Each structure stands twice: as C-alpha cells, then as structure tokens.
Amino acid sequence: MKVVFIDANPTLSAVAERLHRPGDPDLTINRQPDITPEQIPAALGDAQIAIIDHTRLPTDIARRCKNLKHVVFLGTGPQSYMSPQELAQIGVQVHIIKGYGDVAVAECAFALMWAAARGFTKMDRGMRAGNWLRTDAVQLTGKTVGLVGFGGIAAEMARLAQGAGMRVLAWNRSKKSHPGVTFVELDELLAQSHVVSLHLLLDDQTRGLISARRIAQMRDGVILVNTARGAIVDEAAMIDALKSGKMRHAGLDVYAVEPMTAGHPLYELDNVTLSAHSAFRTPQASDNLIEAAFDHCRRVSGKA
C-alpha cells in the first residue's frame, strides 16, 4: 500500500522522515501544510492511505480519491475535520491516535490555568505598551479544579493539580475512579470549581456542552481552560461571560473556527490567554504521534 502524508508541517516532516523504516509502506510527504480540500485528490494520487494532520476532508472530496481506503488522523478528534461515519459508508476507515500527547497537553492546560490565575497576559501587554501594570491574582493552592471528561490527559492534569495542593473534581460520561479525584455530576462540578478544565472528545453529545446555561451554573469569577475542542463551548456565551466578569479569565488552545479569523472578538479581550492549538507540540509527543500513525499504516497494509 502507498501512504501520503498530505499536510506535513516542517516539524512533522522531519519526524516522519526519521521514523520511517525500511520495509514500511511507501511514503510520500506532501510538505504543504496549508493544502486545501480541493487539492487532496491530486496530492493523494493512487495511494490507499492518507495521513492527515489538520486538513478538512469533506466526504465529496473523499469520493474523488478512488483508491483511498484508510485515513490516519493525527489526533483524537477527527469530527472537527471530517465525518468518520460518512467516510465509512463509502468504504474509508478513519483511524485515530490516543495517548500520544497526554503529558504535553496536560502541561499546557496547567500552564494556561496558572497564566489565567496570575493575569500574565494583561500585564505583559500593558508593560509592552509602556505601562507598569500590576494586577491582583488568584492563589490556586487550596482551590478546586473541575475536570470535564476524564481520560489520559485529565489524569495527568489531576496529578499536576494535586501536586500544587488543589482539590480535584471530575465528571465523565462513563463511570471512572482515580486516586485523589472525586467524581461528581456535571452540575455539581460547575458549581464548586474555581477552575473548569475541558478534556472531552468532540462528538454530537459534547458539541456545545458548555452552553450559556452551564456557564451560568459556574462560580462567579471562574477560570475556564480549554485544550480539547473549541466547539465544546458556546463561544458567544463564553465571550459574554468574559465581558461581564462572570468568567474571570479563559485560557484557550482551541477555537470554534481555526485558524481564528482577523478581528475575532477574543482578540479584543484582556482576560483571555490564547494559544494556537499547540498544546501537543513537544518533541516527545511528535515522535509518539508519528510512530503511532506508522503503526496504523503497517497494520492495515499487513506489514506490522
């Protein structure tokens, strides 16, 4: 089988070249990270396997890729970029990769939480503009962090938060237990948590889960951290809460539309800390990610 990595950025291109082994399926690396969906059929050619990092694959485009049988999506949330259900109906199986960046993403969420609590973004902007801007902070030791969704990333976040002396609550759609973590219903978590950190996959059940009604259930002055998917949050409701002060600060790595458009309302708020969907970007996570992608390719081509 032939494999095309259709949207490789320079970092992942280098990792893929280094980790590709003799005997692996033939690999072509398309070093065009800004490829459009309409360019995918030509880039894929007669390959049976597409590795996709961040490019949308509409089903009508996939139909034009006559030999395509497998998509290896570099992450856990392909629904933001394609419909796995529709692709399955036309004979294309979507494979995801879990666990490759649990530590990296948790560390990003932890950093966003602290940056939000200390107000670093506002002070940094003010000082760069020539103002000696000092702000009061939130002391997180002894506070409660609520983890919405509890998989590998949330488990790492719990470990970090416990080490910082925080109380950890969690809610998960299926029953879970974890040392030092108290599992509660979502309404109780929202009401008690000083920090709400999102760790859910995006699907039909989680899209818009953090709605205006649920934001209203949160503590006044809550900090929201999202390293999961932007569409889990009602973005307009979140912006209203940030403007009103209901929400003290949001630390965001993901957005409803990516890349964010010029003039987006979030750019105008000084109580948000913005990261460009980069939570997973560490050398260790990149190696884990590409090796797992190649393992999928080896398995489906019979070369595992």
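## A pocket, a helix and two cores

The second largest pocket holds about 160 Å³ of space. This is a predicted model, where local features need pLDDT of at least 70, side-chain atom pairs count only at pLDDT 80 or more, and totals for chains, interfaces and linings use all residues. Residues are numbered from 1 along each chain as its sequence is written, and side-chain values use heavy atoms, leaving out hydrogens and water.

A pocket here is an open set of points on a 1 Å grid where a 1.4 Å probe fits, with protein on both sides within 12 Å along at least five of seven lines; lining residues have an atom within 4 Å of a point. The volume is the space filled by probe spheres set on the points.

So who lines this one? Ala116, Arg118, Gly119, Lys122, Thr135, Asp136, Arg248, His249, Asp270 and Asn271 do. By type, they divide into 1 nonpolar, 4 polar (Gly counts as polar) and 5 charged. Both α5 (102-118) and β11 (247-252) supply at least two of them.

Now for α5. Its 17 residues should span 24 Å at 1.5 Å a residue, and its end C-alpha atoms are 24 Å apart, which agrees. Gly119 follows α5, with a positive phi near 70°. Buried residues (under 20% relative accessible area, 1.4 Å probe) of α5 include Met113 and Ala116.

A nonpolar core joins buried nonpolar residues through side-chain atoms within 4.5 Å.

| Core | Size | Some members |
|---|---|---|
| Largest | 52 residues | Ile51, Leu74, Met113 |
| Another | 34 residues | Leu190, Leu198, Ala237 |

The largest share of the largest core, 10 residues, comes from α5.

Technical notes
Helix = DSSP H or I, 4+ residues; strand = E, 2+ residues; numbered from the N terminus. Buried < 20%, exposed > 50% of the residue type's maximum accessible area, 1.4 Å probe, protein only. Expected span 1.5 Å × (residues − 1).
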